[in-house]
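Please open the structure in a viewer and keep the selection panel at hand. The tour below proceeds by selections, each followed by an account of what is found there.

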Protein chains: 2
Amino acid sequence: MSLLVVGSVAFDSVKTPFGEVDEILGGSATYFSTAASYFTDVNLVAVVGEDFPAQHVNFLKSRGVNTEGLERQPGKTFRWKGEYGYQLNEANTLETHLNVFETFKPAIPASYKDSDGVFLANIDPALQLDVLKQVNSPKIIACDTMNFWISGKREALINTLKHVDILIINDGEARQLAEESNLVKAANVIRSYGPKHIIIKRGEYGALMFNSQSIFAAPAYPLENVFDPTGAGDSFAGGFMGYLLNTKNFSETSMRQAVIFGSVMASFVVEDFSLNRMKALDYKEIKQRYMEFKQLTHFEEPGEIFKQ
Amino acid sequence: MSLLVVGSVAFDSVKTPFGEVDEILGGSATYFSTAASYFTDVNLVAVVGEDFPAQHVNFLKSRGVNTEGLERQPGKTFRWKGEYGYQLNEANTLETHLNVFETFKPAIPASYKDSDGVFLANIDPALQLDVLKQVNSPKIIACDTMNFWISGKREALINTLKHVDILIINDGEARQLAEESNLVKAANVIRSYGPKHIIIKRGEYGALMFNSQSIFAAPAYPLENVFDPTGAGDSFAGGFMGYLLNTKNFSETSMRQAVIFGSVMASFVVEDFSLNRMKALDYKEIKQRYMEFKQLTHFEEPGEIFKQ
């Protein structure tokens with residue numbers, strides 16, 4: 001099955017306590033596509049400037065990502081600069097230059113219109129809705145958003161959410177969107193906006209998935225060396241959606257497995273800058289880390305307990 | 001099997017966004033004993049003042065807690081006053097009156113000396129060590145501590161830890177004790193001080209247990225109504241140690257189950273002020289919530305995955 005992603009391709013400059021890199025390949029659609037490419041066919045829609053090197057396009061192609069929808073516009077590629085402290089939980093943005101991304105109007109190529117799944121990465125909710133108008137009844141639609149749109153374009157966002165099956169956001173955003181500090185209640189509020197499934201990412205604390213039937217809690221993989229958290233959320237979404245499209249079924253069982261595959265991909269990406277670690281992955285390692293999540297969370301039912 | 005706990009019995013005054021109570025029963029040893037009493041025999045050592053009402057002692061007795069070691073001293077009982085904001089993750093201490101607790105010198109009654117397990121709640125590490133000198137080779141020893149002792153009595157604490165099997169602390173304390181921000185590394189450092197097992201409590205994010213072989217991640221139960229988090233950590237420790245003593249074995253399997261029972265007891269205690277919710281518990285509810293943790297964390301192994 002094929003998976004359409006619409007989002008950003010960018011150059012990131014990142015400083016962490018463990019190192020510093022300049023203008024490396026980044027962007028939500030880049031991380032998402034690469035992670036998802038291990039599981040399913042990916043149709044990428046994004047925009048880059050004249051300065052975007054063929055080597056990066058070739059990398060995406062080498063992962064089997066369809067780059068027909070990767071527009072090239074006059075001007076420069078989106079650039080982001082940020083740094084992380086020792087806690088590594090939140091980036092401090094130093095510079096944002098939207099460049100060609102500022103006037104991005106996603107145009108879905110004809111060959112993408114029958115994509116089975118759609119992931120709307122964090123872009124203007126009005127553009128997200130516009131993407132949905134251009135595709136022919138995908139089987140599953142997920143989206144991300146951020147504080148900027150929640151506060152600045154709330155109405156457009158609520159309107160987009162009516163058409164979305166799965167919302168994947170972080171805990172702060174969930175609280176802000178629902179105007180509710182308790183996450184269980186917040187997920188209920190957000191479900192009333194449309195999405196049947198809410199996945200709340202909590203960084204080093206893992207993820208929670210809520211639907212009308214149940215809650216699923218997945219830990220993050222406890223890593224000894226977290227090098228750079230940039231892209232973890234989008235890699236999570238890529239692994240999650242990629243696996244769902246791979247299994248061709250969206251049952252609770254598949255969704256839970258997909259959350260784990262998302263967590264697996266996120267756990268790899270933070271081990272190095274940019275896509276360096278994910279680039280070098282093979283399926284055996286992915287499966288092995290999945291089984292490590294199984295071990296990490298396993299506990300037996302108790303026997304009969306009575307006070308001695 | 002019997003479980004000795006040494007800690008505080010106190011009157012708490014607590015304000016949360018959901019209500020306010022004055023001078024209710026609290027203290028680390030109280031929460032611990034009550035939680036553990038559902039699983040095993042508890043021998044309590046603590047001190048109260050002349051103002052401590054018989055009704056509270058009778059409550060502990062009604063839970064089967066042995067109160068022979070509950071000293072009564074001239075003066076007032078330990079009082080703590082604190083408040084929580086909407087995030088409910090950290091108490092803001094408004095007042096602490098140690099009163100009779102200030103000169104507490106735990107004396108272990110002869111009938112307690114053969115206790116099979118010992119839990120040293122958060123008291124001066126020198127007193128914790130003194131307790132260990134008074135008991136006859138317990139099968140398992142766990143302890144808690146806090147930032148105050150980590151910074152103020154570091155040497156004494158490290159000395160106590162040499163004799164401890166299981167350290168149960170929160171994430172901030174683990175980082176402070178190990179002087180290391182990464183929790184996996186911090187747990188390794190702390191294990192080098194003596195304890196073979198490190199349990200790191202992360203409040204609403206659950207708990208991690210580390211030993212030389214493996215890491216276990218348990219979520220917190222996602223509650224729609226968290227009323228008052230006071231006592232959650234000590235109730236966790238009580239459920240954990242109580243279950244371990246109940247099973248009479250300290251295998252990895254039992255330890256993991258014990259972490260879940262700890263999480264179960266903590267999830268109940270925060271549903272109301274003081275011990276109100278825990279008082280009303282029956283074993284069926286405890287077992288049911290344990291099974292809800294199973295459901296909360298369950299996911300299947302994936303089938304064969306190949307890119308379509």
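Which residues have the most contacts inside the largest nonpolar core? In this predicted model, they are V5(A), F119(A), V259(A), V5(B), F119(B) and V259(B), within a core of 204 residues. In soluble globular proteins, nonpolar side chains tend to be buried together.

**Stop 1: chain A as a whole**

Select chain A and display it as a cartoon. The chain contains 11 helices and 13 strands. Its C-alpha atoms fill a box of roughly 75 × 40 × 35 Å along the principal axes. A compact globule of 308 residues would have a radius of gyration near 19 Å, and chain A agrees with this, having 19 Å. Of the 308 residues in chain A, 53% are buried. Consider next the contacts in chain A between residues at least 6 apart in sequence: 66% of these join residues at least 24 apart.

**Stop 2: V5(A) and its surroundings**

Select V5(A), one of the residues with the most contacts inside the largest nonpolar core. Apart from neighbours within four places in sequence, V5(A) is in contact with A29(A), F32(A), S33(A), V42(A), L44(A), V45(A), F119(A) and A121(A). F119(A), in that list, is itself among the residues with the most contacts inside the core. Now show the backbone: V5(A) stands opposite L44(A) in β4(A). The two strands concerned, β1 (residues 2-6) and β4 of chain A, run parallel and are joined by 5 bridges.

**Stop 3: strand β4 of chain A**

Select residues 41-48 of chain A, which form strand β4. Is this strand buried or exposed? Of its 8 residues, 8 are buried, so the strand is largely enclosed by the rest of the structure. Colour the two faces separately. D41(A), N43(A), V45(A) and V47(A) point one way, while V42(A), L44(A), A46(A) and V48(A) point the other way, and all are buried. β4(A) also pairs with β5(A), to which 6 bridges join it in parallel. In that pairing, V42(A) stands opposite V65(A).

**Stop 4: the sheet of chain A**

Extend the selection to the full sheet. It is an open sheet of 9 strands with mixed pairing, in the order β5-β4-β1-β8-β9-β10-β11-β12-β13. The edge strands of chain A are β5 (65-72) and β13 (215-218), each of which pairs on one side only. From one strand to the next, the twist averages 15 degrees. Strands of a sheet pair through backbone hydrogen bonds, either parallel or antiparallel. For an antiparallel case, select β11 (residues 197-201) and β12 (residues 207-210) of chain A, which are joined by 4 bridges. There, I200(A) has L208(A) as its bridge partner in β12(A). Then add helix α9 (residues 252-269) of chain A, which lies across β11, β12 and β13 of the chain and runs at about 25 degrees to β13(A).

**Stop 5: the sheet of chain B**

Move to chain B and select its sheet. Here 9 strands form an open sheet with mixed pairing, in the order β5-β4-β1-β8-β9-β10-β11-β12-β13. β5 (65-72) and β13 (215-218) of chain B stand at the edges with a single partner strand each, so one side of each lacks a neighbour in the sheet. For a parallel pair, select β8 (residues 117-120) and β9 (residues 140-143) of chain B, which 4 bridges join. L120(B) stands opposite C143(B) in β9(B).

**Stop 6: the two chains together**

Display both chains. How is chain B superposed on chain A? A rotation of 180 degrees, with 0.0 Å of shift along its axis, achieves this with an RMSD of 0.0 Å. That is the relation of a two-fold axis. To locate the axis, select Y205(B), whose C-alpha, at 3.0 Å, comes closest to it among the residues of chain B.

Finally, select the interface, to which chain B gives 40 residues and chain A gives 41 residues. On the side of chain B that touches chain A, α7 (183-191), β13, α9 and α11 (283-297) of chain B each supply at least two residues. The largest share of that side, 5 residues, comes from α11(B). Of the interface residues of chain B, 100% are also interface residues in chain A, so the copies meet through the same surface.

Terms used. Residues are numbered from 1 along each chain as its sequence is written. Chains are lettered from A and ligands numbered from 1 in the order in which they are written. This is a predicted model: local features need pLDDT of at least 70, side-chain atom pairs count only at pLDDT 80 or more; totals for chains, interfaces and linings use all residues. The radius of gyration is taken over C-alpha atoms; the globule rule is 2.2 Å times the number of residues to the power 0.38. A residue is buried if 20 or more other C-beta atoms lie within 10 Å of its own, exposed if 12 or fewer, and partly exposed in between; C-beta atoms are placed from the backbone. Two residues are in contact if their C-beta atoms, placed from the backbone, lie within 7 Å. A nonpolar core is a set of buried Ala, Val, Leu, Ile, Met, Phe, Trp, Tyr and Cys residues joined through C-beta atoms within 7 Å. Two strands pair if DSSP finds at least two bridges between them. Axes are lines fitted to C-alpha atoms, for helices over the stretch in contact, and angles run from 0 to 180 degrees between N-to-C directions. Copies are superposed by least squares on the C-alpha atoms of residues with pLDDT of at least 70 in both.
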